[in-house]
Amino acid sequence: MIDVSRTPEFSNCGNRNSISIHTSSDQVLGSMAGGISRQRSLSCDSLEESTNYGDRKKTEDTFRRPRSRSFYDTPEPEKSSYDGARSLLHYEVSKKEKKAKTKPNKRSPTRELNGSKGNLKSVSMMTISESDKWEICSSSGMKYGQFVDWEKIDPEAAIRYQRILQSDHQQLKTMAREGFWAMPHTLRAKAYYHIIQSINSSRTVTPDREVHHELTKELFGEQKISTHPVPDYMEAGDIPRYCLNEAGLNSVKRILLSLGKCFPDMNFCPILPEMVSLLLHFSEDEAECFHSVSRLICYNNPNKRYIDQTFLTYRASCMTFGDLANRCCRGIRKLIASSYQNLFEFYSDWIMWIFADLPFTYAIRVLDVYLLEGYKVLYRVALALLSLYKVSVSSRVADVEDFRTDMKRFVESVARHCTAERLLEMAFMIPMATRRELNLLFNANMHALMQKGVSIHQKRHSVEMVDFNNFTSSVVTVASMRVVWAWIPERFALFSPIRLFSTAEHGRSLASLYSHVEGHEPSLLIIKTVDEEVFGAFLSTDLIERKMHDSEGLTYFGTGECFVCTIRTSKERYQQAMVNIMTRGSSHQQDPSYLTIPFTSPSEEPMTTKESKRPKEQEASMFIAGTDSQLIIGGDGGHALCLQEDLEGGYSEACDTFKSIALYKGHFKIQALEVWGIQNSISFSHSFPSE
């Protein structure tokens, strides 16, 4: 429970020797809870905080918060329209009586912050955590600076703001990436308001300031302190502080409760406390912040999402990020899978790296771009963080007990590794699929989760992961299969492997392999040679498609999710670099069931081996080809894998399709071969007519 003092004390802005001014008892602000949970992040690039305590009675604890640094600080003493004065608040929490009292304000030089630009002293971000109930102060907070003409104080900012108003969306994207409105923060606040107001929702009415006023009346009434359950959509009761003062934290709670009341169908949204806290720094008051967040929630263009609002969509986003990480940060998956830790859980934190763990100055630079470009930017930034982490962790893997915790600590201290601007530069250098193509992948992952029993109405659901304890194979060990399973797309990795074909059980015949594997999509082919080498290929498309094209030559098919790999003696995966994610043919693009197989080739015409020279854009199509006498994986610049009709042997060459070296030097003899499918997998190939 949180008690709120009604008589805060605060000092005026800028002057360290300023006189303390006592407010009237009509001003009510939120106080800190007696128990402070673990820190989620650091604010204002801060790493330390000095906390002093006043006198304590036996029946009460007294807390003094660190002096709050106004985010409007510049070399000149500026004030914001709602938080222009820095305050030193003295709160008291009575454990028994829940009654607020005031004490004289004691100043400590160690708690002062330098207001000059670029010289932020340490203020640790604090999290107020309540397990089930909140006590809310009925006051909406404080407003400052309403008597100031800010354009006269900072004419350069006024000129920049006019440029913002005159720029189109593409120009604003460029400006955001370059940090055009990064300073002063008053300019950022105006830019945010302009950008968010231009976000158009398909909803007839977006909740506005008046809605917020009505909701606060209904929720809090005239009570000075009220108690409410933590909203159901929050994963926990944690609220990031960043640079907010106690009044700010109190307003965040009021906004979160109002949003829960306004959007009853929103059942899981763990990033909303962080989003509200960040935007409140740059809002005139809490009603404006409520309206801004509401606009982001209401925006429902599937190709440019802002906020996931259900457990199903949140998990699908985590899986989509996992697929992107599988392409862009390949080594990290092998490290985690080899350590027997859960990849799914590791990637489930990806969005919290940005909105909970990044320092404040980094988070707001991401927010600058996110408001204009949506969810895709978050994927980019998280991938950049993961790339940095991979470099950091590679030399100390043996010392990492928990990758999730280690990654969190790394992001919190990311300033040791790169600046905020460098992080964004790295993010936008990463090759990325289009919004539409990412949406295809997102929908495919959501469909796989629904197959696992997750529905859109569930608030939480434990997704059962693959158990390899009962896995047996004559060609691959459990440890190796765990790594290979980490390489396949997330929507398939949810399900257990099932053996479709084995030379030991079904004989050595390519015809027998086809008869047992056709109708299953995808499949994993693994070969063990007579000299104990183990390698294989992931086939994303049903092998029956080899019959679906009328061509005299060898017909290639498949998708960009195909890959080849070595498993023993070394574990390496070779896969085409991600450039495009496209559906296989225009006639199938509108089929909802086809969303289970994205990453398909951009070419609509089949490739044949008779073509001696192929355009570069067609090389992506040459993944799989098969006849009654041979099965080929990879067809450009050499065959990554070629199996002969009797499955007694084959050969491997360097292949441009996968940018792979030879999986085996020259020809090999097969000791054993197995093909594995995905439990509950569905192939739609039978339903498609040939092109």
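**Exercise 1. Classify Gly626 as buried or exposed, then place Gly626 in the structure.**

Solution. Gly626 has a relative accessible area of 10%. The cut-off for buried is under 20%. Gly626 is therefore buried. Gly626 sits in strand β15, residues 624-626. Now take Tyr556, 70 residues away along the chain from Gly626. The two C-alpha atoms are 7.8 Å apart. These values come from a predicted model.

**Exercise 2. Determine how α3 and α13 are oriented to each other.**

Solution. Helix α3 spans residues 169-178, and helix α13 spans residues 360-373. Their axes come within 8 Å. The crossing angle is roughly 165°. Angles over 145 degrees count as roughly antiparallel. So α3 and α13 are roughly antiparallel. As for handedness, α3 passes α13 in a left-handed crossing.

**Exercise 3. Repeat the analysis for α6 and α8.**

Solution. Helix α6 covers residues 246-262, and helix α8 covers residues 286-298. The packing angle is about 40°, with the axes 10 Å apart. That angle makes α6 oblique to α8. The crossing of α6 past α8 is right-handed.

**Exercise 4. Describe the salt bridge between Lys261 and Glu218.**

Solution. The closest N and O atoms of Lys261 and Glu218 are 3.2 Å apart. The salt-bridge criterion is within 4 Å. The pair links distant parts of the chain, 43 residues apart: Lys261 belongs to helix α6, Glu218 to helix α5 (residues 209-220). Next, check accessibility. Lys261 is partly exposed at 42%. Glu218 is exposed at 51%. The structure holds 25 salt bridges.

**Exercise 5. Analyse the Asp368–Arg365 pair and find the network that includes both residues.**

Solution. Asp368 and Arg365 form a salt bridge, with the closest N and O atoms 2.9 Å apart. Both residues lie in helix α13. They are three residues apart, so about one helical turn separates them. Asp368 is buried, at 1% relative accessible area. Arg365 is buried too, at 3%. The network of salt bridges links Arg188, Arg365, Asp368 and Glu421.

**Exercise 6. Locate Phe147 and identify its surface patch.**

Solution. Phe147 lies in the loop between β7 (133-137) and α1 (150-153). Its relative accessibility is 78%, so Phe147 counts as exposed. Phe147 joins Val148 and Ile153 in a nonpolar surface patch. Together the three residues have about 310 Å² of accessible area.

Notes: Residues are numbered from 1 along each chain as its sequence is written. This is a predicted model: local features need pLDDT of at least 70, side-chain atom pairs count only at pLDDT 80 or more; totals for chains, interfaces and linings use all residues. Side-chain values use heavy atoms; hydrogens and water are left out. Patches are made of residues with over 30% relative accessible area and no salt bridge: like charges are joined within 9 Å, nonpolar side chains (Val, Leu, Ile, Met, Phe, Trp, Tyr) within 5 Å. Accessible areas come from the Shrake-Rupley method with a 1.4 Å probe; for residues, only the protein chains shown count as cover. A salt bridge is a side-chain nitrogen of Lys or Arg within 4 Å of a carboxyl oxygen of Asp or Glu. Helices (H or I, at least four residues) and strands (E, at least two) are DSSP runs, numbered from the N terminus. Buried means under 20% relative accessible area, exposed over 50%, partly exposed in between (1.4 Å probe, protein chains only). Axes are lines fitted to C-alpha atoms, for helices over the stretch in contact, and angles run from 0 to 180 degrees between N-to-C directions. Angles under 35 degrees count as roughly parallel, over 145 as roughly antiparallel, 65 to 115 as roughly perpendicular and the rest as oblique. A crossing is left-handed if the near helix is turned anticlockwise from the far one by less than a right angle, and right-handed if clockwise.
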